[in-house]
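User: I should like to study a protein structure through questions and answers. Please show it and explain the terms as they arise.

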Amino acid sequence: MKRWREAECKRVHDPFYAGDGRKVAVNPVEIDGKCIRVLGPIIVGGGPSGLAVAACLKKKGIPCVVLERANCVASLWQLKAYDRLRLHLPKKFCQLPLMPFPSWFPTYPTKQQFVAYLEAYAREFGIRPRFDEAVVAAEYDAVVGFWRVKTAVVNQGREEGGREYMCRWLVVATGENAEAVVPGFDGAGDFKRPILHTSLYKSGDAFRGKRVLVVGCGNSGMEVCLDLCHHGAHPTIVVRDSVHILPREMLCRSTFGLSMWLLRWLPVRAVDRLLLLAARLLLGDTAKLGLPRPQLGPLELKLRSGKTPVLDVGTLEKIKSGAIKVRPAIKKLMEHGAEFTDGRSEGFDAVVLATGYKSNVPYWLKVRHHPSDAHRETGACCHCSDSTLPSVGQEQEFFSEKDGLPRRAFPHGWKGERGLYAIGFTKRGLMGASLDATRIAEDIERCWKAEVKTTMAFACPPTRQAQE
């Protein structure tokens, strides 16, 4: 009798049991060959952000499942980054939680070194993502209080079959750079030469002796131009907007590190003035080269819009020497070249789009508010809440449909409602992701312990005989 009562108590508090006693799911194995209940969080994305939060959870003894659409960790770095890429910031600002870079790595690790670090990181914490599994839909089921995550198995670039997972916590770690941004141009269909995004660009060796138009003047565009020069190509860079260019190092220290140190003592605008003065002395007047600076300082602009200043690694000298030409925005593409907004026309053998990436969250995450949620506190689960976060009525959606980023700015954009979290969307690189990974793991741990405590309290109440 006692054993029967224990089983019945557990069923009452198990959302995977139907009211008529029929079991809907079993924990934690597959049901009907497709539906899987996950004890801990599901992490969507096996890049640096996903690995960071998985490691923090593993350290706390909380199981998790990492879903990755590619066949490797950090697919953006392994599959879509050019060969000469290095970390633009010193390694101490880019290391993930709980494991620093090896001491013998250079200050600015190469692409290959960074990938090796991430693979070692995954091994160190026993993180084994489910590769070739793309999330196609995720939606909160208010009836059972779980997230339903549907995936498709990726086979040679095609989505086939799939599974359905159920979990209490969903961590979105796909980041800001999930999909390449490919702008349209008038006459693009008339251009008879290759047009490729930097996600497909590997080395300038394939363009030796060719005239290449690079669209975009961020860090990637500038570095691709430099790589093209080193391989004997003739690049021209399109500068459609103003841009801040700073030396990578000042006073024998990294510009970023120096900025962080100065911000401890001075306001943002004062630090901006010092940076611009030093940049003028070291780099000269970039406006004369066709690279006008924005009205806002580099740090203030970064805080307001997320636009990162360019850290010069040698491209500016090539522009000054004429090896790299600078042109304004493209008016239209022609059969063998391009016409610019200043009226000039030139011929090109290829176009490289250094136009960046965007979030893909709006395509698969469905956040809908259910009337039955009105009584819930905002938080990761029904047993723990955070009064500092907006309630269901105050926050219509966690992610913006416009850009796929959290509506709340850093440092408040890591936590949503009903167990939804975001990491890798801070516009503060790996350092911001590391901070959010720690916050997310701590919050889930608090909720995990609260649920365990509640389950233990209600699963098997003491009998009268035991109380006596």
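Analyst: Buried means under 20% relative accessible area, exposed over 50%, and partly exposed in between, with a 1.4 Å probe and protein chains only. Helices (H or I, at least four residues) and strands (E, at least two) are DSSP runs, numbered from the N terminus. This is a predicted model, in which local features need pLDDT of at least 70, side-chain atom pairs count only at pLDDT 80 or more, and totals for chains, interfaces and linings use all residues. Residues are numbered from 1 along each chain as its sequence is written, and side-chain values use heavy atoms, leaving out hydrogens and water.

User: Within what arc do the buried residues of α4 fall?

Analyst: Helix α4 covers residues 111–124. Its buried residues are Lys111, Phe114, Val115, Tyr117, Leu118, Tyr121 and Ala122. Seen down the axis, by the directions from that axis to the C-beta atoms, they line one face of the helix, because they fall within an arc of 155 degrees.

User: Which residues are exposed on the other side of α4?

Analyst: The buried face of α4 includes Phe114 and Leu118. On the other side, the exposed residues are Arg123 and Glu124.

User: Which residue of β24 is the bridge partner of Leu170?

Analyst: Two strands pair if DSSP finds at least two bridges between them. Strand β8 (residues 170–172) pairs with β24 in the parallel sense, over three bridges. The partner of Leu170 in β24 is Leu420.

Notes:
Expected span 1.5 Å × (residues − 1).
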